[in-house]
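Subject: Handover of a structure and notes on its contents

Dear colleague,

I am passing on the structure below for your consideration. My notes on its contents follow.

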Amino acid sequence: YQRRVRGKNKRMNKAEHDPQGEEIFEVFDSNNKSIGTELRKVVHIKGLYHRAVHVILLNSKEEILIQRRASDKLICPMLWDLSVGEHLQPKEEFKNGALRGLREELGITEPINIFLGRDTHLFTFKDPNVGIIENEFQQCWYGKYDGELILDPNEVAAAEWININDCLLYTSDAADE
């Protein structure tokens, strides 16, 4: 089911790009110290360390918002994901990236309180089918929200509020397969 969720055909992503339009990431050493910038595609091909942030939204009914990634996403297209996932822009703080993701992916422009749920940790993911290696220093933030969502169709194909216990059951069942 989809409640209080509507799409909008306007791209809201304001990521930093080079003159040819390629997204630029800040890159880090294995100790999470900045060592420069690189094009997004190079970061993912070479498996360079970079930063990302996730947000998990709950509403007043204790439902969690999950999103289905857009069909043209390189990484895990059309799969269900957390409420928000964002790569950080150069010099961007994790919390600011989380708030930007809420705005860009879900159209949440009103003030929202979020809090750190999981401090910085390294996440690694490899997909040889598309030739990417993710080496991300990530943080996960939490927030409460009951307002309207305006989905960016370039990022999000759908979003659903689901019961937290159902979410735990679905992820537990998937882990067993």
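In what follows, a residue is called buried when its relative accessible area is under 20%, exposed when that area is over 50%, and partly exposed in between. Please bear in mind that this is a predicted model.

Overall picture

The protein contains three helices and 11 strands. Along the sequence, these elements follow the pattern β-β-β-α-β-β-β-β-α-β-β-β-β-α. Of its 177 residues, 45% count as buried. Among contacts in the protein with a separation of 6 or more, 63% are between residues 24 or more positions apart.

The average pLDDT of the protein is 88, and 85% of the residues score at least 70. Over residues 1-13, however, the pLDDT is below 50, although this stretch has 45 contacts in the model beyond near neighbours in sequence.

Strand β2 and its hairpin

Strand β2, comprising residues 24-28, is mostly covered, with five of its five residues buried. Ile24, Glu26 and Phe28 point one way from the strand, while Phe25 and Val27 point the other way; all are buried.

The partner of β2 described here is strand β3 (residues 34-39), to which β2 is joined by five bridges in an antiparallel arrangement. Within this pairing, Val27 stands opposite Gly36 of β3. The two strands form a hairpin with five residues between them, and Asn32 in the turn has a positive phi of about 70°.

The cavity

The model has one cavity of 30 Å³ or more, and the volume of the largest cavity is about 30 Å³. Its lining consists of Phe25, Glu26, Phe28, His50, Arg51, Leu88 and Gln89. The elements giving two or more residues to this lining are β2 and β4, and β2 gives the most, with three residues.

Salt bridges

Side chains of opposite charge can pair when their charged atoms come close. The count for this model comes to nine salt bridges, including the three pairs described below.

The side chains of Arg40 and Glu23 meet in a salt bridge at 2.8 Å, N to O. Because Arg40 lies in helix α1 (residues 40-46) and Glu23 in the loop between β1 (5-7) and β2, this pair ties together parts that are 17 residues apart in sequence. Arg40 counts as partly exposed, at 26% relative accessibility, whereas Glu23 is buried, with a relative accessible area of 15%.

Glu26, one of the residues of β2 discussed above, forms a salt bridge with Lys91, the distance from N to O being 3.5 Å. This pair links distant parts of the chain, since Lys91 lies in the loop between β7 and α2 (94-106) and Glu26 in strand β2, 65 residues apart. Are the two partners buried or exposed? Lys91 has a relative accessible area of 64%, which is over 50%, so Lys91 counts as exposed. Glu26 has a relative accessible area of 8%, which is under 20%, so Glu26 counts as buried.

A third salt bridge joins Glu62 and Lys144, whose closest N and O atoms are 2.4 Å apart. Glu62 lies in the loop between β4 (49-58) and β5 (63-69) and Lys144 in strand β9 (residues 132-144), so this pair ties together parts that are 82 residues apart in sequence. Both partners fall in the intermediate class: Glu62 is partly exposed at 39% relative accessibility, and Lys144 is partly exposed with a relative accessible area of 45%. In addition, salt bridges that share partners join Glu86, Glu92, Arg100 and Glu104 into one network.

Leu82

Leu82 lies in the loop between β6 (80-81) and β7 (84-87). With a relative accessible area of 29%, Leu82 is partly exposed. Which residues does Leu82 contact, leaving aside its neighbours within four places in sequence? They are His54, Val55, Ile56, Leu65 and Gln67. For one of these, Val55, the separation from Leu82 is 27 residues in sequence and 6.8 Å in space, C-alpha to C-alpha.

Yours sincerely

Technical notes. Residues numbered from 1 in each chain as written. Predicted model: local features only at pLDDT ≥ 70, side-chain atom pairs only at ≥ 80, totals over all residues. Heavy atoms only, no water. Helix = DSSP H or I, 4+ residues; strand = E, 2+ residues; numbered from the N terminus. Buried < 20%, exposed > 50% of the residue type's maximum accessible area, 1.4 Å probe, protein only. Contact = heavy atoms within 4.5 Å. Pairing = 2+ DSSP bridges. Salt bridge = Lys/Arg side-chain N within 4 Å of Asp/Glu carboxyl O. pLDDT = per-residue confidence, 0-100. 1 Å grid on protein atoms, 1.4 Å probe; cavity = no way out; pocket = protein on both sides within 12 Å on 5 of 7 lines; lining within 4 Å. Points joined across faces, edges and corners; volume = space filled by probe spheres on them.
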